[in-house]
Amino acid sequence: MCGIVGYTGKNLAVPYLIDGLSKLEYRGYDSAGVAVMENGRISVTKKSGRLSVLEKELAKHEQSTATVGIGHTRWATHGRPSDENAHPHLSENCLFAVVHNGIIENYAALKEQLESEGIHFSSQTDTEVISQLLEKNYDGSFLSSVQKTLPMLEGAYALAVLCRDEPDTVICAKKASPLVLGKSEEGIFAASDVTAVLKHTRDVYKLSDGETAVCRGASLSFYSADGKPVQKSCEHITWSAEDAQKGGYDHFMLKEIFEQPAAFAATVNQHITGGKLSFENLPLSKDEIGKLDRIVITACGSAYHTGIVGKYIFESLTRIPTEVDIASEFRYRDPILTENTLVIIISQSGETADTLAALRLAKEKGARVLSIVNVVGSTIANESDGVIYTAAGPEIAVATTKAYSTQLAVLYLLCGHFAFERGLMDADGLSRYLLELQSIPKKINEVLEANRERAKELAKLFVPLDHAYYIGRGLDFAAATEGSLKMKEISYIHSEAYAAGELKHGTISLVEKGTLIVALACHEPLFAKTMSNIREVVSRGARILAVTTDRHKDEMKDFDFVLTVPETLLPFCASLEVVVLQLLAYYASLYRGCDIDKPRNLAKSVTVE
């Protein structure tokens, strides 16, 4: 959440800062601001609201000639959204300006100490503590002031800082929050997400925790936490800035829904050669896979929902006991882990705060940790014993679609590999499994082509609703959890997913005449039982929007509305039915006039607890 940009070079800073911030809007924000070095002072402009409000404010003044600056989009954590709480934050005597992602956990104690020394604050944020500390610690050296201040901060941060006395310089630092630096002939670019620099360069450097970067003119240097120079290697980004644009679609979310077949195929095919599986970064030998006594999958949000699918298929195919934990709960419940426990960490960004904390706890307890992430070189990837990257490419819409699908693809690959290595699937069985897995992108395309217009029409059913319910059994229930989340997060309809077998244990009391229930019935072994559950709610007046396989469409004809998906091997059915649910959520949100790509109160990358 929040976005940081910075620039030093020969060109005008403000146009880059605004353009960079526009690339970061998907992360979620409620205010925006910039600070530039101009005429020997730091000039700050910041406004509550959308980036367009800031642009209008900047247009009221003479165009800035500054070539050094920092910018920020804020998502409120400390202090309400307002002009005064927006970033950048100045120190009391305007010597320093700071933009910050993350949370300073000891800010209250620091603020109390600073106020006792007569320092006055102008905001309610934790970030202002940083600018005030920088000024207090200033000894004539910008870098020295930063390096004295960082050890005083507890929590997470990514920082970009200006100092009035060194007007050609931006200093950046990070701890448990992402920050990248890009270098080109135009100058040095800093950002919290690579999408903000791709227009200018594909050659980027990623800061590690505790490091600082000094951007001065067109030069870039790095320092460790103890102040020693560090040599860092450059990473070349292979995808282009155009990959992060809408490409003719009305919204990023719709574009990303239709990118799922390609993303799924790319994720799967990078690990299959000649019909055989290969993993470069798997931290387990055949013997170690055989000794696993438990798998724990931990994640947040949609990634957690892929873990629910993972539990079903790991236990079914590999016979390894598997549990799924919400990362924010896992880290506080003192989980029992052993050296024969595999903890699978799933995160799109690789920076999710609670998930990163869960990873560190698992390693402290001696478990082996494997991560599934989309961002190369992210903190979670770097700290895991092994990592498998998805090939989703940039995902801009806050509500995930293709990241979810590619995470499922990796879980399918792992299940097949583990089943084979444990002797539960022979070579022919694995070959058939992988052949069907490689057919899933084509089947996702079929789902999109066959259901887009029908889903668009049926989505109108949701427009007047205050509540909607999703039911299913087995893998259908796992898919229902994600479909329900999609509906609530972008259409703002209260939506819940229930295991269909639990209806009579309380949930059925919510069903009355006209209640809309999305019933998933693609998990073949449980189809008959699911049909019984559907009839239970029909008898109480519910309207049914059923999602089933082509095989069963005739059996569903008596229900109100039916959408179908192709048949596939049981483990993969969630990958097909979830696409239908994504379309329903997208069009329901469209008809309700919601901000689909940037839903209220949500952020793409949750880098604070």
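Which residue in β10 is the bridge partner of Val 180? In this predicted model, that partner is Ala 191. The pairing belongs to an open sheet of eight strands, described below together with the helices that lie across it, a buried threonine and the helix α14.

**The sheet**
- The eight strands follow the order β3-β2-β4-β1-β10-β9-β11-β15 and pair in the antiparallel sense.
- At the edges are β3 (41-48) and β15 (235-236), each of which pairs on one side only.
- Five bridges join β9 (residues 180-184) to β10 (residues 187-191) in an antiparallel pairing.

**Helices across the strands**
- Helix α1 (residues 13-23) lies across β1 (3-9), β2 (31-38), β4 (68-74) and β10, and its direction makes an angle of about 155° with β1.
- Helix α2 (residues 51-59) lies across β2 and the edge strand β3, running at about 135° to β3.

**Thr 341**
- Thr 341 is part of strand β20 (residues 341-347).
- Its relative accessibility is 0%, so Thr 341 counts as buried, the cut-off being under 20%.
- Beyond neighbours within four places in sequence, Thr 341 contacts Leu 292, Asp 293, Arg 294, Val 296, Ala 367 and Arg 368.

**Helix α14**
- Helix α14 (residues 427-458) has 32 residues, which at 1.5 Å a residue should span 46 Å; the end C-alpha atoms lie 44 Å apart, in agreement with that value.
- At Asn 451, α14 bends by about 50°.
- At the start of α14, a side-chain oxygen of Asp 426 comes to within 3.2 Å of the backbone nitrogen of Asp 428.

Notes
Residues are numbered from 1 along each chain as its sequence is written. This is a predicted model: local features need pLDDT of at least 70, side-chain atom pairs count only at pLDDT 80 or more; totals for chains, interfaces and linings use all residues. Side-chain values use heavy atoms; hydrogens and water are left out. Two strands pair if DSSP finds at least two bridges between them. Helices (H or I, at least four residues) and strands (E, at least two) are DSSP runs, numbered from the N terminus. Contact means heavy atoms within 4.5 Å. Axes are lines fitted to C-alpha atoms, for helices over the stretch in contact, and angles run from 0 to 180 degrees between N-to-C directions. Buried means under 20% relative accessible area, exposed over 50%, partly exposed in between (1.4 Å probe, protein chains only). The expected span of a helix is 1.5 Å times one less than its number of residues. The bend at a residue is the angle between axes fitted to the seven residues ending there and the seven starting there. A polar contact is a pair of N or O atoms within 3.5 Å; within protein, one must be able to donate a hydrogen and the other to accept it, and residues adjacent in sequence count only if both atoms are side-chain atoms.
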